[in-house]
Amino acid sequence: MTTPRKRVLLAKPRGYCAGVDRAVQTVERALETYGAPIYVRKQIVHNKHVVSELEKRGAIFVEENEEVPEGATVIFSAHGVAPVVYEEAKERNLRAIDATCPLVTKVHHEARRFAADDYDILLIGHEGHEEVIGTSGEAPQHIQLVDGPDGVDKVTVRDPSKVVWLSQTTLSVDETLETVARLKQKLPLLQSPPSDDICYATQNRQQVVKQIAAECDVVIVVGSRNSSNSVRLVEVAVDAGARAGYLVDFAHEIQDEWLEGATTVGLSSGASVPEDLVTDVISHLAARGFDQLEEILAAEERLVFSLPQELKRDMKAAAAQR
Ligand code: SF4
């Protein structure tokens with residue numbers, strides 16, 4: 001009897017998106033330009049490994065501006081902040097650098113615009129997530145959170161002909177469509193956002209995981225528990241037919257019993273995960289017989305965001321002085 005080859009289907013795209021790359025680079029360049037310590041409000045991106053590497057280089061992660069010494073430099077994370085956070089920074093005389101992903105900023109603009117036109121805004125997202133807190137802070141009087149399809153029953157609006165839905169950027173595409181369908185049953189005149197709020201990176205990572213899931217006994221997603229897009233990838237994999245799905249921060253967390261009887265393992269990583277963590281998982285699986293690696297491509301990604309203006313200006317000035 002021949003032993004079946006054990007393979008890994010490696011999803012592409014996976015890992016870093018343009019917004020995460022920009023946010024991490026913002027902290028790195030700020031450390032070089034201003035010197036340590038640099039304060040970062042909240043985790044710059046939701047990944048344990050990235051945060052601990054930046055800590056080693058002199059970044060100090062805090063929860064609120066009040067923990068930052070007056071006059072120091074603070075970076076706001078990729079998830080975005082409410083306007084009040086900028087005001088607090090100004091009051092404390094902080095040098096604030098905004099690493100909010102431009103695709104989150106786009107949703108903030110939409111929220112401000114619809115609020116200015118006196119719309120009720122239904123923001124589909126996860127309660128307590130930093131991005132949702134930041135977006136809601138743009139127009140708290142106009143925005144109400146809809147936390148998935150089950151949140152629809154609680155929605156009340158002032159004028160059913162003047163309502164729009166927006167969303168968090170890292171949601172499950174399918175679950176969001178379900179929430180919107182239920183909202184439209186309740187509010188037939190509900191308007192949609194001018195363009196997709198769920199970002200290209202979230203959509204592409206979900207798309208390829210869907211493509212491979214049915215062939216996989218197990219799908220492993222590298223990512224942290226507080227990373228919304230990573231958690232969604234596991235859910236998408238299981239919904240699309242994988243027998244099981246697991247989220248791990250590091251290769252050593254993979255339990256041998258997950259792989260018992262498996263011949264095909266799917267592998268992906270969230271948008272805040274550096275590729276070396278995926279490489280570790282590939283080696284871990286190869287050491288357990290999963291040595292046939294096939295990369296499955298769903299989309300090419302070429303988007304790059306430039307660094308925040310305020311940082312670029314100071315980098316230029318520092319370079320001119322050298
Ligand atoms: S996941 Fe999307 S919205 Fe979030 S940082 Fe990446 S590109 Fe931006």
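This passage describes the ligand shell, the annotated residues and the nonpolar cores of a predicted model.

A good place to start is the ligand. It is surrounded by 15 residues, and the closest are C17, G19, C101, T169 and C199. Helices α1 (18-34), α4 (102-116) and α7 (200-213) each supply at least two residues of this shell. The largest share, three residues, comes from α1. Sorted by class, the shell holds 10 nonpolar and five polar residues, with no charged residues.

Three of the closest residues also appear in a database record. In an unreviewed UniProt entry, the annotation "binding site" covers C17, C101 and C199. These cysteines are spread over 183 residues of sequence, yet they cluster in space, with a largest C-alpha distance of 10.3 Å.

Two of these cysteines can be followed in some detail. C17 sits in the loop between β1 (6-12) and α1. C17 counts as buried because 29 other C-beta atoms lie within 10 Å, where 20 or more are required. Once neighbours within four places in sequence are set aside, C17 is in contact with A201 and A271. C101, in turn, is found in the loop between β5 (95-98) and α4. C101 is likewise buried, since it has 26 C-beta neighbours inside 10 Å. Beyond its neighbours within four places in sequence, C101 is in contact with G19, A23 and A78. Of these partners, G19 is also listed among the closest residues to the ligand.

The unreviewed UniProt entry further carries the annotation "active site", which covers E131. This glutamate belongs to helix α5 (residues 130-136). E131 is buried, because 25 other C-beta atoms are found within 10 Å. Not counting residues up to four places away in sequence, E131 touches H79, G80, V104, G125, Q168 and T169. The last of these, T169, is one of the residues closest to the ligand.

Turning to the interior, the largest nonpolar core has 57 residues, and V27, I44, I75, I121 and L123 have the most contacts inside it. Apart from this core lies another, of 31 residues, with I212, V265, V273 and F290 among them. V27 offers a handy view into the largest core. Leaving aside neighbours within four places in sequence, V27 is in contact with I38, V40, I44, L54, A59 and I75. Two of these partners, I44 and I75, are themselves listed with the most contacts inside the core.

Note on methods:
Residues are numbered from 1 along each chain as its sequence is written. This is a predicted model: local features need pLDDT of at least 70, side-chain atom pairs count only at pLDDT 80 or more; totals for chains, interfaces and linings use all residues. A residue is near a molecule or strand if its C-beta atom, placed from the backbone, lies within 6 Å of it. Helices (H or I, at least four residues) and strands (E, at least two) are DSSP runs, numbered from the N terminus. Ala, Val, Leu, Ile, Met, Phe, Trp, Tyr, Cys and Pro count as nonpolar, Asp, Glu, Lys and Arg as charged, and the others, Gly among them, as polar. A nonpolar core is a set of buried Ala, Val, Leu, Ile, Met, Phe, Trp, Tyr and Cys residues joined through C-beta atoms within 7 Å. A residue is buried if 20 or more other C-beta atoms lie within 10 Å of its own, exposed if 12 or fewer, and partly exposed in between; C-beta atoms are placed from the backbone. Two residues are in contact if their C-beta atoms, placed from the backbone, lie within 7 Å. UniProt positions are given in the numbering used here, feature names are shortened, and annotations may be inferred rather than shown by experiment.
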